[in-house]
Amino acid sequence: MTDDDFTTRLLTELNLDDVDETRATINSLMKQARAVLVSAINSNVDLKVYMNDDLFLGALDALTTQLFYDRALENNFSLGVQMMLVQLQAKYLNEGGDSNGNAQNS
């Protein structure tokens, strides 16, 4: 899924007007949320893998939405985001490295 596809889909799901300002905001928040999730899961996994994983996309939806409505994350990650994050960490724990513990893209 491309960034633009994600943004378009989330705008529709949230019933937001597809205007330049809102699209730019959602796209920016999605990139921030994605960076947080990738860092928390396993930064050695290729982004294409994550963007084709329904569970990752669900977590990205949830965190992007949470950031849209609460930019400061005053109440931390929602329980849903936390639950999906734990599942993703378990799924990708040993991905993206070699048997010597070196990152795949080094």
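Here are a few notes on the fold, its helices and one loop residue.

1. First, a caution: this is a predicted model. The chain holds 5 helices and 0 strands, and reading along the sequence gives the pattern α-α-α-α-α.

2. Now for the chain overall. Of its 106 residues, 36% are buried. If you take the contacts between residues at least 6 apart in sequence, 58% of them join residues at least 24 apart.

3. Have a look at helix H4, which runs over residues 54–69. H4 has 16 residues and spans 23 Å from its first C-alpha to its last, close to the 22 Å expected at 1.5 Å a residue.

4. Staying with H4, its buried residues are Phe56, Leu57, Ala59, Leu60, Asp61, Leu63, Thr64, Thr65, Gln66, Leu67 and Phe68. What covers them? The cover includes helix H1 (3–13), H2, helix H3 (47–50) and H5.

5. Next, the pair H2 and H5. Two packed helices are described by the angle between their axes and the distance between those axes. Here H2 covers residues 20–41 and H5 covers residues 79–91, and their axes come within 9 Å, crossing at roughly 50°. That angle is why H2 counts as oblique to H5. As for handedness, the crossing of H2 and H5 is right-handed.

6. Which residues meet where H2 packs on H5? On the H2 side you'll find Leu37, Ala40 and Ile41, and they meet Leu85, Leu88 and Gln89 in H5. Sorted by class, this contact of H2 with H5 has 5 nonpolar residues, 1 polar residue and no charged ones.

7. One loop residue deserves a stop: Asp53, in the loop between H3 and H4. Is Asp53 buried or exposed? Its relative accessibility is 6%, so Asp53 counts as buried, the cut-off being under 20%.

8. Who does Asp53 touch? Setting aside neighbours within four places in sequence, Asp53 is in contact with Leu88, Lys91 and Tyr92. Leu88 should ring a bell, as one of the H5 residues that meet H2. Leu88 and Lys91 also fall within the span of H5, residues 79–91.

9. Last, the start of the chain. Asp53 and Met1 sit 52 residues apart in sequence, and their C-alpha atoms are 9.4 Å apart in space. To find the spot in the viewer, go to the loop between H3 and H4, where Asp53 lies.

Note on methods
Residues are numbered from 1 along each chain as its sequence is written. This is a predicted model: local features need pLDDT of at least 70, side-chain atom pairs count only at pLDDT 80 or more; totals for chains, interfaces and linings use all residues. Side-chain values use heavy atoms; hydrogens and water are left out. Axes are lines fitted to C-alpha atoms, for helices over the stretch in contact, and angles run from 0 to 180 degrees between N-to-C directions. Helices (H or I, at least four residues) and strands (E, at least two) are DSSP runs, numbered from the N terminus. Angles under 35 degrees count as roughly parallel, over 145 as roughly antiparallel, 65 to 115 as roughly perpendicular and the rest as oblique. A crossing is left-handed if the near helix is turned anticlockwise from the far one by less than a right angle, and right-handed if clockwise. Contact means heavy atoms within 4.5 Å. Ala, Val, Leu, Ile, Met, Phe, Trp, Tyr, Cys and Pro count as nonpolar, Asp, Glu, Lys and Arg as charged, and the others, Gly among them, as polar. The expected span of a helix is 1.5 Å times one less than its number of residues. Buried means under 20% relative accessible area, exposed over 50%, partly exposed in between (1.4 Å probe, protein chains only).
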